[in-house]
Structures are given as C-alpha cells and as structure tokens.
Amino acid sequence: MGSGTIGQEANSGPPTRGNLTDAHPRAGTVQQAAHDLRQPVAAVLALASAALADELAPERVRRQLEQIVTEAHWISQVIHDMLDGPGALVDDVAVDILTLVRDTVRSERLTCAAQIVLQQKDQTPRYIMAPGTRIRRALANVLVNATRAAGPGGQVKLTERADGNTEVIEVVDDGPGFGSMAVGNGTGIGLQITVQLLAECGGRLQIERLRSGQTLVRLLLPILAHGRAAGGAR
Ligand SMILES: Nc1ncnc2c1ncn2[C@@H]1O[C@H](COP(=O)(O)OP(=O)(O)OP(=O)(O)O)[C@@H](O)[C@H]1O
Ligand SMILES: [Mg+2]
C-alpha cells in the first residue's frame, strides 16, 4: 500500500490572508466585534433559558431571568443590525410603538437611579414603519441622557400621544438644564446617533429648554396609515 496523501486537494495548505479575504469584502471593526459577540450573547441566553426551566426557582428569580432573556434578545437584534454594516438596506417592519416605549422604559428602569413616570393615555394601537432596532435605540439614548441629568432621586417624565399622523414622544427631566449636566462617562455621540436613527424612520428630534429650565426632548415619528407611513414627521 502506497503512502500517498489521501483526500488532500491540490491547493490546500495553510490559509493565507489572501485566500481568506478574497471571497468577502473586508469587515470593519464594528462588524468584526458584532460577529464575535454573537456567541457570548447566545451563551447568556442559553444559560438564562436553562435556569428558567428550573421549576424550583422562586418567582422573583424567574422574573429576573425572564428580563435577562428579554435583554439578551434585544442585544442579539442590535448585533444583527451591526453585522449588516453601515448603509445596509434593512427592511422596514411595522413597530407597535406603545409596546416599544413601554419595553424601553422597563429596561432603562433596571439601571437608572432616577424615577421614570410613563404616561400613555391614548392606548389606541399605533404602528411606525421602521428598519430593525432603530426606534428603540433612539429612545434609549434620549432616556439615558434624561435619567443621567435627573440623577439619583430625580424624575423623568415620558409622555406619548398621537398628534394627527405623528407619534409624539416627549421626555422631560428635572435635571440642571440642557448642556449643563455633570460629565459622566459620555462619549458625546448619543444624540448624533439618535438624529440619524430617527431620520432612517422618517422621524426627527427636537430639543427645548422649558421656561422652568428643564430639558424637553421630543421624538416625532410618522404613524403608519393604511399600510404605509403617513407623510413623514416634518
Ligand atoms: N437631558 C439632558 N439634560 C441636560 N443635558 C443634556 C441632556 N441630553 C443631552 N444633554 C447634553 O447634550 C450633550 C450631548 O449628548 P449625547 O447624548 O450626544 O452625549 P453624551 O450623553 O455626553 O455621551 P454618550 O451619549 O455618547 O454616552 C450631553 O453631554 C449634555 O451636555
Ligand atoms: Mg448620551
């Protein structure tokens, strides 16, 4: 019996940078990080789901585990967005805006020291056409700023309503006023991202200093009417 190589292809050999990258465009560092984050997030999801299956877990722990699963699912969606890379065409989906706002507030409450009061008087179901995770990320950025400005013991009030074909989400905090909050760990890009995210949904951002000195941040989004977004929030 001969000792020739079995199953080895003529071109095999150690992979080189050339033959690894030729087939695909080079991913940016954000895409690379997103790619590598999928596994640890999947691990968190798997662990939390396994712990939830334990019928002996007390109710309080179960609720916390459910929230961990919800948050991890959310991170997965954002990672998915990041993997698409900048400028990728992402399909719009109809977003239930009342539920999205409620979920975003619930998530922010887990980590902030301020109190968040949520007012959604009109519970008529309303939808916004938006790609992927855009609206929630935009609102989360505004809420993080507001709760940071309000500080421990402070208050943030979020009011949501429909004004004709426009969904109006107003966030007012009782902090020291726009631009004068204490410097935190801010990287200074949250609002810039928010403006861009809202624009991708046909929406926009307004910032006002109220007579009281308090900051009001308003997110305006076009409500979906008869299967298409109504006119834009301009
Ligand atoms: N609710 C607010 N009250 C007072 N100042 C605010 C408020 N929201 C934003 N600002 C001001 O606008 C600046 C820019 O906000 P932005 O969210 O872009 O950056 P950041 O919060 O400093 O950092 P990052 O969002 O990247 O963590 C803030 O540093 C702050 O001075
Ligand atoms: Mg910010």
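Trainee: Among contacts in the protein chain between residues at least 6 apart in sequence, what percentage join residues at least 24 apart?

Mentor: This is a predicted model, in which local features need pLDDT of at least 70 and side-chain atom pairs count only at pLDDT 80 or more, whereas totals for chains, interfaces and linings use all residues. Residues are numbered from 1 along each chain as its sequence is written, while chains are lettered from A and ligands numbered from 1 in the order in which they are written. Taking two residues to be in contact if their C-beta atoms, placed from the backbone, lie within 7 Å, the percentage of these contacts that join residues at least 24 apart is 73%.

Trainee: Which element gives the largest share of the shell around ligand 1?

Mentor: Helices are DSSP runs of H or I with at least four residues, strands are runs of E with at least two, and both are numbered from the N terminus. Of the 17 residues around the ligand (C-beta atom, placed from the backbone, within 6 Å of it), those that come nearest include Asn-145 and Gly-190. Two elements give two or more residues to this shell, helix 5 (134-150) and helix 6 (190-199). The largest share, 4 residues, comes from helix 5.

Trainee: Within what arc do the buried residues of helix 6 fall?

Mentor: A residue is buried if 20 or more other C-beta atoms, placed from the backbone, lie within 10 Å of its own, and in helix 6 this holds for Thr-194, Leu-197 and Leu-198. The arc is that of the directions from the helix axis to the C-beta atoms. These residues line one face of helix 6 because, seen down its axis, they fall within an arc of 95°.

Notes: A residue is buried if 20 or more other C-beta atoms lie within 10 Å of its own, exposed if 12 or fewer, and partly exposed in between; C-beta atoms are placed from the backbone.
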